[in-house]
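User: I am new to this structure and would like a close look at one part of it, namely the packing of its helices. Please take me through that part slowly and set it within the rest.

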Amino acid sequence: MEWGRGKPRRRPADRQADRQAAVDARPADHDADVVFETAIHAARTLWRWGCWVRLALYGAAAVPALAWSPAAGLPRIVLSLLPGACGLALAFGHSFSEKLPLLARLPAAGPLVRHLLSVREKASVDASGLLEGVGILLATWLFVGPLPLSGLPAPARTAGVALCIAYNWDAVLQAVIDAGWYSVTAAPTRGMRVFRWFIPPVHGLLLVAVLWPWSAAAAEVPAGFVAALTLSPLLFYAVWAMFAAMLRAAVHTAVAQHRLARFNSASAVHSMLKNSVSVLARYAEQDDPPPDLGHLRSLSREVLVGIEEARQAIMRADPDSQSGSVREVWMRLEPLIAHAWRGRHEECELSGDVDVRLTSTDYQRVRSLMSDLMMNALKAQARRVRVEFLVQDAERPELCLLRVSDDGERFPPGAARNPLTSLKVQDILLGRYGGGIDVVDDGRWKHVAARWGCPPGIVRPVRAARPDDSPLDPLPDPRQRTAGKGA
Amino acid sequence: MRIIVVDDAVAAEDSLALALATAPAPADGRAHQVMGVRSPRELRQLLAVDRGFQLAMVDLDFGPGSPETGLVALRLLDEAGIPCVVWCADIDENRGLLLLAAFHYFEPWALASKAGPIADVTGLVAAMEQGLRPGRGLAERYRPARGGSGPSLLERLVGSTTQLDIWRALTVFSSRPEVAARAKVAESTLDRFLQDRYAPMREAEHRLVGASPDLEPRTDERNRARIAPLHAFAVRHANFFRDGEVEQIVRGRYRRGPAPGTGTAAR
């Protein structure tokens, strides 16, 4: 008797042609990929379970043989069970492939390990299958066949046969529903696929030959029981049909999930970008008062950051992309402004509560402010920029503070009376929440500090205490304020 | 006037605040005060401590970060007695049913489009400040017809929790046995659903996106042919059918009586 995962090997040239045919016939929608991948997942689990089931059946079948046969039969029992035990050990190595390197350490085991690895997920015959096949034939013929063990009571003989056939059943069933049948990379040939249909009856005929009452002892097993065992492989068709239905269902689910994911991604891009783009478009279209160039630039940068946010949200399947920490804002903004300071960038330092996860409002404010303030600093030829964020401002704890300091060019004279326009807009917006924009020049650094509060009832996340919980450098005394509603 | 903007985008609130800050001062000389929250959850927190708003501008969709839609915000504002204007991108095809529900179960004063110029919104604010009720305008398409009788379009689309379960199953599945299994209904129930909901679905398509009414099904059209368009409709409006507030509405929490002006939709 012979079985394994498929039928004998074919010539390499044939396999090459088949592989090419499989690639050519591959459906554009990758349904076959989904089927194959699902079958691999399922087969891996089924083979692992099957190893333990067969080990249990094999062990159980050995019990009646060892318990009731005379001591003189012991060497024969051991010799008969040995090939099957080796086959099972290899099957374990096959199914628990992470353990194969252990096997490879044994002397001369290299070719065997290579063989076991090479036949994975292919419809072919392998060493473990062959050994198990020979082994279970020898084990079954301990109870029936031409030369069964003598002296066993009929019920023990019947039980031994039943356990061996159950073992057989499990192994052949796994060959019938093996992932190799669905392979897209090494697709089985037409001949193999036809053979698959004949596995149940062929297996039944082999069982007839194995269980045939070749001897008087073998005839002790009830004929009706033998008939039922030999017909049992026909149930493979039912299991095969159920397995195929599960695979088809997996394709349906994958297609539906794929469509849903596409739909959700499209909706996410739409909902995340539409607002900022429409605000920009509406502002640009405005006639009275005419749009302010600084604010236009600020809005368009926000759109660019929004695109990066949308991309990252879809990649990470993050449901709440419009949230994060100051550091995350920086990481999304940095690629957009990198070109502006390429070649002269020396330092950008983040400090304070930059890792606190912000509320959606604070996140969006930081995004807009940081892009404005960073661009202003870079336009002023800054080489060093410091970004500092505090959830609670030292001076007014009800406000949070974002301070961007740079060593770029000084503000032009009279800036205090003629504030920078983008800052003026931000100052109006932050003023609604008790804050505003302050600009301070200490001679070496130019500090722009934005402060804002939040509506009543909204609770901001409070940062965890830092180990070195000392106050950050206080803002120097204002010498020059360009816009001042704040502290 | 104190205005609360309920919108996931800060930019929406900011654009209104900026437009009102640069517009001519209101008649009483007091500047408008614009405040914003990002979601119905934040609105709930705000209203717990401050209800002194004279107008709310409400978006209907708060992005993937909020499981609640604008219907929750409208209910909270309704309970607080704050007049609302729905301010959303009305051109989005997947907002249609939410808009229908907003105008059917609540009484927003108007619909303002985010696609339109901000002057439309500031004009609306100025009119409402003078106590003027805005005309039907953009909201016309979504308001229930006055003086009608019988169930409205929305009620004919989703009249019971079983129907809502089937719609939810249809957002994922497109074959009868699967939909029936997912919604835990008998196929005969599903067949009745397919037969009875097809016409309201076509009517909604016609009303919301102007789909051709020539596509009305023949009465002998088989359910197998009906399921594909119903599935497509369910997918398009998945955010509506999966909304927790819609489920509450369907359970009868906000079912409105046959008062004038709330009777039925156009037919």
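Analyst: What follows looks at helix packing, first in one chain, then at the contact between the chains, and then in the other chain.

It should be said at the outset that this is a predicted model. Chain A has 487 residues, of which 37% are buried, and its secondary structure comes to 14 helices and five strands. Among the contacts in chain A with a separation of 6 or more, 79% join residues that are 24 or more positions apart.

A good place to begin is α2(A), the helix that spans residues 31-68 of chain A. One of its partners is α7(A), which covers residues 154-176, and the axes of these two helices come within 9 Å and cross at roughly 160°. An angle over 145 degrees counts as roughly antiparallel, and α2(A) and α7(A) are therefore roughly antiparallel to each other. Their crossing is left-handed. On the side of α2(A), the residues that make this contact include Leu46(A), Trp47(A), Gly50(A), Val53(A), Leu57(A) and Trp68(A), while α7(A) contributes, among others, Ala156(A), Leu163(A), Tyr167(A), Asp170(A) and Ala171(A). Sorted by class, the residues of the contact between α2(A) and α7(A) are 17 nonpolar, three polar and two charged.

α2(A) also packs against α10(A), where the axes are 9 Å apart and the angle is about 120°. That angle makes α2(A) oblique to α10(A), and α2(A) passes α10(A) in a right-handed crossing. Here Asp31(A), Val34(A), Val35(A), Thr38(A) and Ala39(A) of α2(A) meet Leu247(A), Ala250(A), Val251(A) and Ala254(A) of α10(A). By class, this contact of α2(A) with α10(A) holds seven nonpolar residues, one polar and one charged.

α10(A) leads on to the contact between the two chains, which takes 33 residues from chain A and 34 residues from chain B. On the side of chain A that touches chain B, at least two residues each come from α10 (235-285), α13 (360-379) and α14 (421-431). α10(A) gives the most to that side, with 14 residues. The residues on the side of chain A that touches chain B divide into 15 nonpolar, eleven polar and seven charged.

In chain B, the secondary structure comes to twelve helices and five strands, and 46% of its 267 residues are buried. Of the contacts in chain B with a separation of 6 or more, 75% are between residues 24 or more positions apart. A helix pair worth following is α1(B), residues 10-22, with α5(B), residues 118-129, whose axes come within 10 Å and cross at roughly 65°. The two helices α1(B) and α5(B) are therefore roughly perpendicular to each other, and α1(B) passes α5(B) in a right-handed crossing. Ser15(B), Leu16(B), Ala19(B) and Leu20(B) of α1(B) meet Ile118(B), Val121(B), Thr122(B) and Val125(B) of α5(B). Six of the residues in this contact of α1(B) with α5(B) are nonpolar and two are polar, with no charged residue.

The classes of these residues bring us to the nonpolar cores. In soluble globular proteins, nonpolar side chains tend to be buried together. In this model the largest nonpolar core has 122 residues, and those with the most contacts inside it are Met370(A), Leu16(B), Val58(B), Val86(B) and Ala101(B). Leaving aside neighbours within four places in sequence, Leu16(B) is in contact with Val5(B), Val34(B), Met57(B), Ile118(B) and Val121(B). Apart from that core lies another, of 41 residues, among them Ala62(A), Leu131(A), Ala171(A) and Ala217(A). Ala171(A) is also one of the residues through which α7(A) meets α2(A).

A last stop is a loop of chain A, for there Ser215(A) has its place between α8 (190-211) and α9 (223-231). With 15 other C-beta atoms within 10 Å, Ser215(A) is partly exposed. Although Ser215(A) and Gly145(A) are 70 residues apart in sequence, they are 6.4 Å apart in space, C-alpha to C-alpha. Beyond its neighbours within four places in sequence, Ser215(A) is in contact with Gly145(A), Pro146(A), Leu147(A) and Pro148(A).

How values were computed. Residues are numbered from 1 along each chain as its sequence is written. Chains are lettered from A and ligands numbered from 1 in the order in which they are written. This is a predicted model: local features need pLDDT of at least 70, side-chain atom pairs count only at pLDDT 80 or more; totals for chains, interfaces and linings use all residues. A nonpolar core is a set of buried Ala, Val, Leu, Ile, Met, Phe, Trp, Tyr and Cys residues joined through C-beta atoms within 7 Å. A residue is buried if 20 or more other C-beta atoms lie within 10 Å of its own, exposed if 12 or fewer, and partly exposed in between; C-beta atoms are placed from the backbone. Two residues are in contact if their C-beta atoms, placed from the backbone, lie within 7 Å. Helices (H or I, at least four residues) and strands (E, at least two) are DSSP runs, numbered from the N terminus. Ala, Val, Leu, Ile, Met, Phe, Trp, Tyr, Cys and Pro count as nonpolar, Asp, Glu, Lys and Arg as charged, and the others, Gly among them, as polar. Axes are lines fitted to C-alpha atoms, for helices over the stretch in contact, and angles run from 0 to 180 degrees between N-to-C directions. Angles under 35 degrees count as roughly parallel, over 145 as roughly antiparallel, 65 to 115 as roughly perpendicular and the rest as oblique. A crossing is left-handed if the near helix is turned anticlockwise from the far one by less than a right angle, and right-handed if clockwise.
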